[in-house]
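Please examine the sequence and the model shown here. The account that follows moves from the strands to the helices and then to the interior.

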Amino acid sequence: MAKAPKRGGGGETARAREMRAMLREWEGSGLTLTEFARQRAVPLSTLTWWRHQLRQRRSVRKRTRAVRFVELRQVSPPANAPPFEIVLPGHTVIRVGAQFDPTALEQLVKTLSRC
């Protein structure tokens, strides 16, 4: 049975840390990835695969960090807010200010709709 990969505190495997360090070295070397792979006797496909994997992980972490929660507070509408208008069949119009009791309005509308 295969052993589980050893992970550091950041949840990254030892191999991922090793390849991240190697790719950082390559970036500072001034060599092409092909030349670097040849000098290190590492398959080019291994380096390109790890470069892709690590870039994807970095991209996911950036998107995840970008999520922020903002507190929302319910604010009462200003006293001078325009009224609501409800037009019922038969041209009955009800104007309600911004501050109203929803239950009382519902009862009023039901009562008027029966007329």
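**From the hairpin to the core**

In this predicted model, strand 1 (residues 84–88) and strand 2 (residues 92–96) pair in the antiparallel sense, with 5 bridges between them. Within this pairing, glutamate 85 has arginine 95 of strand 2 as its bridge partner. The hairpin formed by strand 1 and strand 2 has 3 residues between the strands, and glycine 90 adopts a positive phi there, near 85°.

The hairpin belongs to a protein whose secondary structure comprises 4 helices and 2 strands. Along the sequence these elements follow the pattern α-α-α-β-β-α. Of the 115 residues of the protein, 18% are classed as buried. Among the contacts with a separation of 6 or more, 26% are between residues 24 or more positions apart.

Helix 1 (14–29) merits a closer reading. With 16 residues at 1.5 Å a residue, helix 1 should span 22 Å, and the 23 Å between its end C-alpha atoms therefore agrees with expectation. Which residues of helix 1 are buried? They are Ala16, Met19, Arg20, Met22, Leu23 and Trp26. Viewed down the axis of helix 1, these buried residues fall within an arc of 165°, so they line one face of the helix. The general geometry is that an α-helix has 3.6 residues a turn, so residues three or four places apart point the same way. On the other side of helix 1, Arg24 and Gly28 are exposed. Glycine 30 follows helix 1 and has a positive phi, near 80°.

Glutamate 12 lies in the segment before helix 1. Its relative accessible area is 17%, and because buried means under 20%, glutamate 12 counts as buried. The side chain of glutamate 12 is joined to that of arginine 20 by a polar contact of 2.5 Å; arginine 20 is itself among the buried residues of helix 1.

The largest nonpolar core has 12 residues in all: Ala16, Met19, Met22, Leu23, Trp26, Leu33, Phe36, Ala37, Val42, Leu47, Trp50 and Leu54. Helix 1, helix 2 (33–40) and helix 3 (44–66) are the elements that each give two or more residues to this core. Helix 1 gives the most, with 5 residues. Methionine 22, one of the core residues, is in contact with Phe36, Val42 and Leu47 when its neighbours within four places in sequence are left aside.

Note on methods: Residues numbered from 1 in each chain as written. Predicted model: local features only at pLDDT ≥ 70, side-chain atom pairs only at ≥ 80, totals over all residues. Heavy atoms only, no water. Buried < 20%, exposed > 50% of the residue type's maximum accessible area, 1.4 Å probe, protein only. Polar contact = N/O pair within 3.5 Å; in protein donor to acceptor, adjacent residues only side chain to side chain. Core = buried A, V, L, I, M, F, W, Y, C linked by side-chain atoms within 4.5 Å. Contact = heavy atoms within 4.5 Å. Pairing = 2+ DSSP bridges. Expected span 1.5 Å × (residues − 1). Arc of directions from axis to C-beta.
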